[in-house]
Amino acid sequence: MRTLMKTDLVLLDHEQKERVTIAKAKRRVGRVQFNALAIILLLGVYPFAIGFIVNAGSSTDGAYHDAYDEESNGVGIWYENGGRNYTEAYRSQGLPQYFLDKCFIEDGAGNKSYGTGNLAERIYINYNGNSLNADYFMPYREALMKQGHHWCGTNYLGTSGTGPYSWYFPDVENQIISGRPNNFLTGISQNETVDKLKFSFVDRFVFLNCLNPDFTDIKYDGEISFYYQNKTKTFSNFKFEGTNKYEYNAWNQQNSVWEIKCAVGFEVEFDFTGFESLALTDFNGGDWERTGFKITLDDFEREDGLNFGNTPLPFNGVDFFSFGAEYQSINTVTAGFIIKSGTFLLSIITFALAIASTPYWNPLMKQIKGGVV
Amino acid sequence: MFGPIEIIIYVSTLLISLSVVGQAGSAGYLNGSFQRGFAGVGTQIVSSNFLLSYTNAESFIRACFGGEVGIAGYFFILSMGVLIITWVSNLVEYKTAIV
């Protein structure tokens, strides 16, 4: 009898120890699982969820529409044409101030003494005052613009600065040239919310062999500012990478055939997040006629690490370049709903994760019934 | 120059890397201090670079801070703050970020 009881006690003790060991093991497994879950949530699920929220309401067909359309009759000005280093390069040539004034532009000025005093006429204007038909010349409706050193003539050094290059396009009420209403964005319907703006810069009067070594991979930074009723909204830190080769189908009038052409050029796409698009609409109320804008491209570099010096850019030179503006819009209602409800959901999950990271509440361990709750 | 957004991301990934290394250590891996240091630094560099360079996390948090996402954005920032405070306090009290 006594022996039997002893055995029972030993068995009971053993069972209890085993139970504790299993509980400890389960707790450890539960903790590891929860850690893994938390890390997967933060590094795996969150980026996708945020990506979904950020791109909420984006156009699904990906098709661009002309922002610069047949109604456009825009006039803008060169604001900066290459940066201070480039200016110094001209100074070092020993040219008189008269020529220097014609060769560089900073802060939308730089030439106080030259010509008629009409700054806009000098530095930037549509070639013919009207937009040109799409497809016939270019895959987009284009405006022909004066290149950055148009008035520099033979004094042009023929090299490219690394930036900044910027262009200012005033709204319809701020005429630079009397009698020429400024509006580059007539293609965007009033009250429309813009998701992406794409600008094309192509030196389409100089065709090069598509294998020309002057074509190279480049990278640069971008910024776009909008002006509406004395307010400014700037979107910066855009990083662009690509090539300075613009390859497209062009109509050969002589032979009446379409042919592939290569010219110096690129497309600059400002892709706004869903909340940036909504913020922009809040900013200008969708009144695109009265919204001016400025594009800035800066810090040009070659991907191969070589000096940028002689790398051709479409807007550098003494002639003209082709300019186009296209856009994609978003559905404001869908975007607003996804952004706000998605962010709210993420907030709740984050808050729950914070509470679950304390010893007071652990849903995962409760579920596997092994741990201390 | 670090902004508040970068600091949030760096602190979060630091806590994640501490958690990863701690868990690996308790599972019997990464016993040497060099291994732990290497794994911790590696995890943090990879995860912070991933979040800053390949995702929209930075612009999203910036928009939440800037009020572009409305009240939901502020609630998200608050939740992130609570999560970071909890993990830091866990680290002090229990020597691990996630308890």
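Okay, let's start with one bit of vocabulary: two strands count as paired here if DSSP finds at least two bridges between them. With that in hand, take strand 5 and strand 9 of chain A, which pair in the antiparallel sense over nine bridges. One register point to click on is A:K198, whose bridge partner in strand 9 is A:E269. And before I go further: this is a predicted model, so please hear everything as computed from that prediction.

Let me stay with strand 9 for a second. On strand 8, residues 245–252 of chain A, there are eight bridges across to strand 9, again antiparallel. A:Y248 in that pairing stands opposite A:K261. Strands 8 and 9 of chain A form a hairpin with four residues between them, and in the turn A:S256 has a positive phi of about 50°.

Back to strand 5, and one residue in it, A:V206. Is A:V206 buried or partly exposed? Partly exposed, because it has 13 C-beta neighbours inside 10 Å, and a residue needs 20 or more to be called buried. Setting aside anything within four places in sequence, A:V206 is in contact with A:A263 and A:V264. That second partner sits 58 residues away in sequence, yet the C-alpha to C-alpha distance between A:V206 and A:V264 is 7.7 Å.

Zooming out to the whole of chain A. You've got seven helices and 11 strands. Of its 373 residues, 39% are buried. If you look at contacts with a separation of 6 or more, 79% of them are between residues 24 or more positions apart.

Next, strand 4, residues 165–169 of chain A. How many of its five residues are buried? Five of the five. As a reminder, in a regular strand the side chains alternate between the two faces of the sheet. In strand 4 of chain A, A:Y165, A:W167 and A:F169 point one way, A:S166 and A:Y168 point the other way, and all are buried.

Strand 4 also has pairing partners. Strand 2 of chain A, residues 77–81, runs antiparallel to strand 4 and is joined to it by four bridges; there, A:I77 stands opposite A:Y168. Strand 10 of chain A, residues 292–302, pairs with strand 4 too, antiparallel over five bridges, and A:I295 in strand 10 is the bridge partner of A:W167.

Now the cores. Generally, in soluble globular proteins, nonpolar side chains tend to be buried together. Here the largest nonpolar core has 44 residues, and the ones with the most contacts inside it are A:A67, A:L197, A:F201 and A:A325. Several strands of chain A give two or more residues to this core, including strands 2, 4, 9 and 10. Which strand supplies the largest share? Strand 5 of chain A, with five residues. As for A:A325, leaving aside its neighbours within four places in sequence, it is in contact with A:A67, A:Y68, A:F184, A:L185, A:L197 and A:F199. There's also a second, separate core of 35 residues, which includes A:L42, A:V54, A:A56 and A:F275.

That last residue, A:F275, belongs to helix 5 of chain A, residues 274–284, where the buried residues are A:G274, A:F275, A:E276, A:S277, A:L278, A:L280 and A:N284. Just after helix 5, A:G285 takes a positive phi of about 60°.

Okay, chain B. Four helices, zero strands, so to speak α-α-α-α from the N terminus on. Buried residues make up 38% of its 99 residues. For contacts with a separation of 6 or more, residues 24 or more positions apart account for 52% in chain B.

Last slide: the interface. On the chain B side, 30 residues are in contact with 28 residues of chain A. Helices 1, 2, 3 and 4 of chain B each supply at least two residues of that side. Which helix gives the most? Helix 4 of chain B, with 11 residues. By class, the side of chain B that touches chain A has 17 nonpolar, 12 polar and one charged residues.

That's my tour. Happy to rotate the model on screen if anyone wants another look.

Key. Residues numbered from 1 in each chain as written. Chains lettered and ligands numbered in written order. Predicted model: local features only at pLDDT ≥ 70, side-chain atom pairs only at ≥ 80, totals over all residues. Buried ≥ 20, exposed ≤ 12 C-beta atoms within 10 Å, placed from the backbone. Contact = placed C-beta atoms within 7 Å. Core = buried A, V, L, I, M, F, W, Y, C linked by C-beta atoms within 7 Å. Nonpolar A, V, L, I, M, F, W, Y, C, P; charged D, E, K, R; others polar.
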